[in-house]
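Visitor: Please choose one part of this model and take a close look at it with me. I would like a connected account that gives the cut-off behind each term.

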Amino acid sequence: MVIARATDLRVAREGDSEVLIALGPNVVFEVFELAGGKAWGKAPDCGLVGYLDESVLTRIVA
């Protein structure tokens with residue numbers, strides 16, 4: 001999937017948890033799990049794993 005708009009990658013699913021990194025639009029995000037409106041996965045460009053809102057993701061169209 002790809003991030004459609006800027007968002008924070010967080011340590012935990014709670015919206016007030018520590019921010020690992022701010023991710024910009026068009027960044028690839030490898031989703032491991034979608035649950036409760038949150039996506040858990042990896043941002044391969046920076047190698048970090050964390051949570052973000054599912055609503056900021058869009059599918060890659062090839």
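Guide: Phe32 is partly exposed, because its relative accessible area is 44%, where partly exposed covers what lies between buried (under 20% relative accessible area) and exposed (over 50%), computed with a 1.4 Å probe and protein chains only. The model is a predicted one, in which local features need pLDDT of at least 70 and side-chain atom pairs count only at pLDDT 80 or more, whereas totals for chains, interfaces and linings use all residues. Residues are numbered from 1 along each chain as its sequence is written, and side-chain values use heavy atoms, with hydrogens and water left out.

A search of the whole structure for aromatic pairs finds two. In one of them, the ring centres of Phe32 and Trp40 lie 5.1 Å apart with the planes at 70°, so this pair counts as edge-to-face; the rule is that rings of Phe, Tyr and Trp (its six-membered ring) pair if their centres lie within 6.5 Å, with planes under 30 degrees apart counted as stacked, over 60 as edge-to-face and the rest as tilted. Tyr51 joins Phe32 and Trp40 in one aromatic cluster. Like Phe32, Trp40 is partly exposed, with a relative accessible area of 33%.

Phe32 and Trp40 also belong, with Val49, to a nonpolar patch on the surface that has about 270 Å² of accessible area together. Such patches are made of residues with over 30% relative accessible area and no salt bridge, like charges being joined within 9 Å and nonpolar side chains (Val, Leu, Ile, Met, Phe, Trp, Tyr) within 5 Å. The areas come from the Shrake-Rupley method with a 1.4 Å probe, and for residues only the protein chains shown count as cover. Val49 sits in strand β6 (residues 48-53), strands (E, at least two residues) and helices (H or I, at least four) being DSSP runs numbered from the N terminus. Val49 is partly exposed, because its relative accessible area is 39%.

Lys42 is in contact with both Phe32 and Val49, and its other contacts include Val28, Phe29 and Glu30, when residues up to four places away in sequence are not counted; contact means heavy atoms within 4.5 Å. Lys42 lies in strand β5 and is partly exposed, with a relative accessible area of 29%.

From Trp40 and Lys42 the contacts lead to Phe29, which touches both of these residues and also, among others, Ile3, Leu9, Ala39, Leu52 and Leu57, again leaving out residues up to four places away in sequence. Phe29 is placed in the loop between β3 (19-23) and β4 (30-35), and Phe29 counts as buried, because its relative accessibility is 0%. The C-alpha atoms of Phe29 and Asp45 are separated by 8.8 Å, although the two residues are 16 residues apart along the chain.

Phe29 is one of the 10 residues of the largest nonpolar core, whose other members are Ile3, Leu9, Leu23, Val27, Ala39, Ala43, Leu52, Val56 and Leu57. A nonpolar core is a set of buried Ala, Val, Leu, Ile, Met, Phe, Trp, Tyr and Cys residues joined through side-chain atoms within 4.5 Å. In soluble globular proteins, nonpolar side chains tend to be buried together.

In the same loop between β3 and β4 as Phe29, Asn26 counts as exposed, because its relative accessibility is 66%. Its phi is near 70°, a positive value in a residue other than glycine.

Tyr51 of the aromatic cluster leads on to Asp8, whose contacts outside four places in sequence are Val19, Ile21, Ala22, Tyr51 and Leu52. Asp8 belongs to strand β2 (residues 7-10) and is partly exposed at 29% relative accessibility.

Asp8 takes part in one of the two salt bridges that the structure holds, a salt bridge being a side-chain nitrogen of Lys or Arg within 4 Å of a carboxyl oxygen of Asp or Glu. The partner of Asp8 is Arg10, at 3.6 Å from N to O. Lys38 and Asp53 also form a salt bridge, with their closest N and O atoms 2.4 Å apart. Lys38 lies in strand β5 (residues 38-43) and Asp53 in strand β6, so this pair ties together parts that are 15 residues apart in sequence. Asp53 counts as partly exposed, because its relative accessibility is 33%.
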